[in-house]
Amino acid sequence: MSQRFIKNFSFHEAVDYFRETGEKEYRAKQLFIWLYEMNADSFDVMTNFSKELRNRLKKEFIISPLTLRERLVSKKDGTEKFLFETRDGQFIESVFIRNDGSDTGRLTVCVSSQIGCQMGCRFCQTAKVGFRRDLQTAEILDQLSRIRRVTGLKNNNVVFMGMGEPFMNYENVMKAADIMNYSFGFHISARKITISTSGLMDHIERFIDEKRPYNLAISLNDTVSEKRKLYMPVEKKYPFAKISKLLREKLPASKNRVTIEYVMRKDNIKPEDAARLKKMFKYGRIKLNVIPLSRGEYDLEVPAADEIDDFIKELESMNIPVSVRKSLGSDICGACGQLSGKKYDL
Ligand code: SAH
Ligand code: SF4
């Protein structure tokens, strides 16, 4: 029998497994504490399991599906980028961000949800890889386990903003988010887990209807449909106007917090864009997050610092709640939209 990844178990699947193999159900909780709270990397350390059980688990399961191949640390801001190899010889990247530059403040892991991405956004490096496959739940979770082990720090924030479109891999992503959130899993508050989508409307609706407690980030990036289509092909199938209508209908009865992400290029930060942004949403629980375009292998122009400042001032003068995402890790290609799973020469 080929070995399975044990971190693919949801809690209930682990309970079922132990019950079906003649063990007590509370073993599931013990297993989760070992895997996530204690970050065990071998069954041998699970000393409250009998030797027989440890040996059986060892035969049947693999704990860590990823192998760390490279760790780059930014000299500018301490942001770290990790390159991992999967068991089938593919590469994914994750980023560890010290948001205030220290080890004690907000510590974010930006996780990948797919190998490559099929959404084809023009400004994104991951799009250039094309699509290889979805990540399994275990491969998503192991990014956190590995980074916690290597850095010796427990991240308290997670963003699904690495490689891939999380809603194209909905089931595995939600299972991973739930385990990140469990008190005997990684124990990260649901308010500190953010799932970012390019705008798959059916899945946004499903996410809200299923009362998923996580934050939602939706990448808008253009206020005019015809223009958005040019940069984000997803606009053809799911026009943003329909998504904002859906949010208007569904959000009042839900608890989700929504952020609209807006990557600033030279050609989408005119005062008219700010005015259209103002009209598009009833801001309250919706916030706007603007991100300077990261440099990449595309012929798009990065706006100058004073152009960015002007745009932000314009938004603020309209009372739009806006935050600016600092572009951390840019010297290690660890900034937004720069992840390609490529091995970089140091
Ligand atoms: N696929 C999801 C999540 C991964 S991308 C999504 O698109 O939302 C995470 C964020 O990075 C998105 O908001 C995306 O618009 C942004 N991004 C992509 N390319 C970028 C670039 N070159 N510079 C800055 N941000 C970028
Ligand atoms: Fe995929 Fe997001 Fe990149 Fe678009 S921006 S190609 S959806 S990873």
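Modeller: A residue is called buried under 20% relative accessible area, exposed over 50%, and partly exposed in between, with a 1.4 Å probe and protein chains only. This is a predicted model, in which local features need pLDDT of at least 70 and side-chain atom pairs count only at pLDDT 80 or more, while totals for chains, interfaces and linings use all residues. Residues are numbered from 1 along each chain as its sequence is written, chains are lettered from A and ligands numbered from 1 in the order in which they are written, and side-chain values use heavy atoms, with hydrogens and water left out.

Biologist: Why does Lys-211 count as exposed?

Modeller: Its relative accessibility is 67%, and exposed requires over 50%; Lys-211 therefore meets the condition. Lys-211 lies in the loop between helix H7 (201-209) and strand E11 (215-219). Helices (H or I, at least four residues) and strands (E, at least two) are DSSP runs numbered from the N terminus.

Biologist: What is notable about the phi of Lys-211?

Modeller: Most residues other than glycine have a negative phi. Lys-211, which is not a glycine, has a positive phi of about 55°. His-187 also has a positive phi, near 60°. His-187 lies in the loop between helix H6 (170-181) and strand E10 (193-197), and its 55% relative accessibility makes it exposed.

Biologist: How do you know whether Lys-7 is buried or exposed?

Modeller: Lys-7 has 0% relative accessibility, so it counts as buried. Lys-7 is in the loop between strand E1 (4-5) and H1. Leaving aside residues up to four places away in sequence, Lys-7 touches several residues, including Leu-35, Tyr-36, Ile-63 and Asp-142; contact means heavy atoms within 4.5 Å. Lys-7 and Ile-63 are 56 residues apart in sequence, yet their C-alpha atoms are 6.7 Å apart in space.

Biologist: What makes Tyr-17 and Phe-61 an edge-to-face aromatic pair?

Modeller: Rings of Phe, Tyr and Trp (its six-membered ring) pair if their centres lie within 6.5 Å; planes under 30 degrees apart count as stacked, over 60 as edge-to-face and the rest as tilted. The centres of Tyr-17 and Phe-61 are 5.3 Å apart and the planes stand at 80°, so both conditions are met. Tyr-17 lies in helix H1 (residues 11-20) and Phe-61 in strand E2 (residues 61-62), so this pair ties together parts 44 residues apart in sequence. Tyr-17 is buried at 8%, and Phe-61 is buried at 3%. The structure holds 18 aromatic pairs.

Biologist: How many domains does the assignment give, and what are their bounds?

Modeller: The chain is divided into domain 1 (4-62) and domain 2 (67-332), with bounds from an automatic or database domain assignment. Their C-alpha centres lie 32 Å apart. In domain 1, 16 residues are in contact with 18 residues of domain 2. Together the domains bury about 1,500 Å², 57% of it on carbon and sulfur atoms; buried area is the accessible area (1.4 Å probe) that two parts lose on being put together, summed over both.

Biologist: Why is the meeting of Lys-175 and Glu-13 called a salt bridge?

Modeller: A salt bridge needs a side-chain nitrogen of Lys or Arg within 4 Å of a carboxyl oxygen of Asp or Glu. For Lys-175 and Glu-13 the N to O distance is 3.0 Å, so the pair qualifies. Across the interface of domain 1 and domain 2, the rule finds three salt bridges.
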